[in-house]
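Me: I'd like to talk through how the helices pack in this model and what space they leave. Can you take me through it step by step?

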Amino acid sequence: MNPSERRLIGVTSLSHAHIHVLELSYAALLVSITQEFGSGLFSLGVIANAFALAFGASALPAGYLTDRLGSKRLLGICLIASALSCGLVAISPNILVLG
């Protein structure tokens, strides 16, 4: 295995771990989010289910996009989109923006 392949595997593995941390952090912070926005657990559960559905559905075109764009480019796009969404969540002023 050449160094370029090792780097790609390392970045892919760290990115995969990053995505799982993002997924699990919502559930871990649910009570704090409820207090922050003054919303009920039902509305936050709806947001969590919508996120899970969208996340699962995004796996369907991922293989197609990887074939068309290449794994390195798609991984970069996903990391940039993830960073932007984390920034939006961090500055969300209400439950609608958070959702």
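**Helix packing and the pocket**

Reply: In this predicted model, the axes of α4 and α5 come within 7 Å and cross at roughly 125 degrees. An angle over 115 but not over 145 degrees is neither roughly perpendicular nor roughly antiparallel, which makes α4 oblique to α5.

Me: Which residues make that contact?
Reply: On the α4 side they are Ala62, Leu65, Thr66 and Leu69, and these meet Ser71, Arg73, Leu74 and Ile77 of α5. By class, the residues of this contact of α4 with α5 are 5 nonpolar, 2 polar and 1 charged.

Me: And α1 with α5, at what angle do the axes cross?
Reply: They cross at roughly 30 degrees, with the axes of α1 and α5 coming within 11 Å. Angles under 35 degrees count as roughly parallel, so α1 is roughly parallel to α5.

Me: Is that crossing left-handed or right-handed?
Reply: The crossing of α1 and α5 is left-handed. The residues of their contact divide into 7 nonpolar, 6 polar and 1 charged.

Me: Which residues of α1 and α5 meet there?
Reply: From α1 there are Ser4, Leu8, Val11, Thr12, Ser15, His18, Ile19 and Leu22, while α5 brings Ser71, Lys72, Leu75, Leu79, Ser82 and Cys86.

Me: Switching to pockets: how much space lies in the largest one?
Reply: The largest pocket holds about 1,400 Å³ of space, and 39 residues line it, with Ile19, Leu22, Phe51, Phe55 and Ser82 lying nearest its centre.

Me: Which helix gives the most to that lining?
Reply: That is α5, with 12 residues, although α1 (3-28), α2 (30-37), α3 (41-57), α4 (59-69), α5 (71-90) and α6 (95-98) each supply at least two residues of the lining.

Me: How many of the lining residues are nonpolar, polar and charged?
Reply: The lining of the largest pocket has 26 nonpolar residues, together with 12 polar and 1 charged.

Definitions and conventions. Residues are numbered from 1 along each chain as its sequence is written. This is a predicted model: local features need pLDDT of at least 70, side-chain atom pairs count only at pLDDT 80 or more; totals for chains, interfaces and linings use all residues. Side-chain values use heavy atoms; hydrogens and water are left out. On a 1 Å grid over the protein atoms alone, a cavity is a set of points where a 1.4 Å probe fits but cannot get out, and a pocket is an open set with protein on both sides within 12 Å along at least five of seven lines; lining residues have an atom within 4 Å of a point. Grid points are joined across faces, edges and corners, and a volume is the space filled by probe spheres set on the points. Helices (H or I, at least four residues) and strands (E, at least two) are DSSP runs, numbered from the N terminus. Ala, Val, Leu, Ile, Met, Phe, Trp, Tyr, Cys and Pro count as nonpolar, Asp, Glu, Lys and Arg as charged, and the others, Gly among them, as polar. Axes are lines fitted to C-alpha atoms, for helices over the stretch in contact, and angles run from 0 to 180 degrees between N-to-C directions. Angles under 35 degrees count as roughly parallel, over 145 as roughly antiparallel, 65 to 115 as roughly perpendicular and the rest as oblique. A crossing is left-handed if the near helix is turned anticlockwise from the far one by less than a right angle, and right-handed if clockwise. Contact means heavy atoms within 4.5 Å.
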